[in-house]
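Please find below some comments on the model, set out as numbered points. They deal with the ligand site first and then with the metal site.

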Amino acid sequence: MVSFERGYIVLNTKYLDLLAQKYDCEEKVVTEIINLEAILNLPKGTEHFVSDLHGEYQAFQHVLRNGSGNVKEKIKDLFKNVLSEKEIDEFATLVYYPEEKLPLMKANFRNKEELYQWYTEIIDRMINLVSYASSKYTRSKLRKALPDQFVYIIEELLYKKNELANKEHYYTKIIQQIISLKQADKLIIGLAYTTQRLVVDHLHVVGDIYDRGPEPDKIMETLINYHSVDIQWGNHDVLWLGAFAGSKVCLANIIRICARYDNLDIIENVYGINLRPLLNLADKYYDDNPAFRPKVQSEKKLSHQELSQITKIHQAIAMIQFKLEAPIIKRRPYFNMSERLLLEKIDYDKNEITIDGETYALENSCFATVNPLQPDQLLEEEEQVIEGLLFSVQHSEKLARHMNFLMKKGSLYLKYNGNLLIHGCIPLDEEGNMEKMAIEDKTYSGRNLLDVFERYLRHAFAHPQETDDLATDMIWYLWTGEYSSLFGKRAMTTFERYFIKDKKTHKEKKNPYYYLRENEEVCQKILAEFNLNPDHGHIINGHTPVKEIEGENPVKANGRMIVIDGGFSKAYQSTTGIAGYTLLYNSYGMQLVAHKHFNSKKDILLNGMDVLSVKRLVDKELERKKVIETNVGRELLQEISILKDLREYRYS
Ligand SMILES: O=P(O)(O)OC[C@H]1O[C@](O)(COP(=O)(O)O)[C@@H](O)[C@@H]1O
Ligand SMILES: [Mn+2]
């Protein structure tokens, strides 16, 4: 076979022949090269970072639809001298929620003439906005963002608008036609979504889509339909992946957390998993128990019976979880978790437990299914329940779709445009060295440790029928192990939080990373470990709520470290004092956005009350950054080089 060599790229001619089917004449190759070269010189697209969504779909939708304030900023740039603040708010709301806002706005008009006049203005305004928001994209990219049915018309409007004065008549005529053909609403809706899409080029979700909040599945659907996204798994996301990959202990955890937050609907109705056998077991062995009543969200009212059912299920699944932990801890000594064999430390007669030499009374205990001689042994009924649940979970089509997407777009960490994105931490010792972990007969640390974690996770996911192998156990380790880059604490004190009053036993000691990350040198060392430029890169973390209320700064280590978990999760907003951070990285630099509080969608629609976002500049580019300097740019350069090879090989 002949090989064609150019520079250091050796390309198989077969590959070029195949490519020639797509580029079947020289003009096509040349056009594509020119197109790609042009893209390289455009300003870099806007990246949008969010994290710790925790099932809060409505709040996430709002942030996504307003591009963390980007949409309104563009509207202000264009119209601040012609529209009042109220009109700007109204127009912005129309762009965020066009289907809902349109009827509300249209209701204000007394007759057809007024309405037509308004349509004409709004469509013109929308066209201006799309034109402005697309100024840093090629026409071809803009075309892809336009609503299919209106591509031709919108392009006519966009490109004819400012050409010549005599085109003005033509422009107005098109708009009038659209209105009289009753297409105005559809067009406005399409243009609104185009704007939303244009203000953010790429979305990063830095972990924890699942748990605590009510609608993680809807977040997943949104992400599946989003134009460009990647995900860095959070500890809660791997818990769901673990359950799907065959880990029964991960499965018990997800059900326990859903019960705790009154979200069993997600399991039962959304993912179609039958909880009846678990409920029967729960009914047989458990009663009311204050420690296991769900943390009810204020707007929901549970009947006495519902409350009682959830409380029982919560206990049943928590006890199954504690029992399932023990054999893993025993068969994986290098997980270093023997201190978590708590069921063995209980004196069942005295209802006491001894931890670290100190004895505590147990309260709210519910050990009816525990055999004190073999505390980790599941009852046959418990075994059947968990087996049945695992079968249902692994056969839920919707869950399969969501988990496959999480695998496809997700990873444990990501290097992107010079930054390191990771949900939790890089496990460090107190001196700031990468913590070492021995797994079987090998030792790993830093980037290698994370890579090996990810390999195990992917292996387990590819072998869902294996439930007790190292790869599957390792996913649980990622949820709760000392050196997990997603957990970052010595141990998870779930048992103590349910059964022991003394709060000192509830404390979860954080990895030294969490105070060392304030230090610039430590962050630089981590960036270097990942082959990133320590003077320009940033580490972007989620996972630990930033307590702005106590004066904590999300930007640390002289700007090298940015923590964007401000707490979308309602359960945490009282401790953080805000409702989430997001980060924007455009061609001018990085901006952190603090979302003061999320109004309900209804409030936004009726009163135009928007999220109060305060922007803080994190990093300013000295010169406007271009696509050529980005990850995408590097890929385009490779494509250009291949196309040049094709041209030389085939057409010269
Ligand atoms: O508030 P809850 O439901 O008790 O959850 C607390 C548990 O959640 C964790 O904080 C993990 O969840 P996060 O990743 O959201 O922090 C554990 O460390 C802790 O034990
Ligand atoms: Mn987390």
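1. In this predicted model, a polar side-chain atom of Arg-260 sits 2.7 Å from an oxygen atom of ligand 1. Arg-212 also makes such a contact: an N or O atom in its side chain is 2.7 Å from an oxygen atom of the ligand. For Lys-489, the distance from a polar side-chain atom to an oxygen atom of ligand 1 is 2.8 Å. On its own, ligand 1 has 470 Å² of accessible area, and the protein covers 88% of this.

2. The surroundings of ligand 1 comprise 15 residues. Arg-212, Asn-235, Arg-260, Tyr-261 and Glu-508 are the closest. Sorted by class, the shell holds seven charged, four polar and four nonpolar residues.

3. Which residues coordinate the manganese ion (ligand 2)? The donors are Asp-208 through OD, Asn-235 through OD1, His-423 through NE2 and His-543 through ND1, with distances of 2.1 to 2.3 Å. Along the sequence, the spacing of these donor residues reads D-x26-N-x187-H-x119-H.

4. Two of the donors deserve a closer look. Asn-235 belongs to helix α13 (residues 235–244), while His-423 lies in the loop between β11 (419–422) and β12 (436–439), so this pair ties together parts that are 188 residues apart in sequence.

5. Are these two donors buried or exposed? Asn-235 has a relative accessibility of 4% and therefore counts as buried, the cut-off being under 20%. His-423 is buried too, at a relative accessible area of 0%.

6. Asn-235 links the two sites in this note: Asn-235 is among the closest residues to ligand 1 and is also a donor to the manganese ion.

Key:
Residues numbered from 1 in each chain as written. Chains lettered and ligands numbered in written order. Predicted model: local features only at pLDDT ≥ 70, side-chain atom pairs only at ≥ 80, totals over all residues. Heavy atoms only, no water. Near = heavy atom within 4 Å. Polar contact = N/O pair within 3.5 Å; in protein donor to acceptor, adjacent residues only side chain to side chain. Areas by Shrake-Rupley, 256 points an atom, 1.4 Å probe, with all protein chains shown as cover. Nonpolar A, V, L, I, M, F, W, Y, C, P; charged D, E, K, R; others polar. Donors = N, O, S within 2.8 Å, 3.2 Å for Na, K, Ca; no water. Helix = DSSP H or I, 4+ residues; strand = E, 2+ residues; numbered from the N terminus. Buried < 20%, exposed > 50% of the residue type's maximum accessible area, 1.4 Å probe, protein only.
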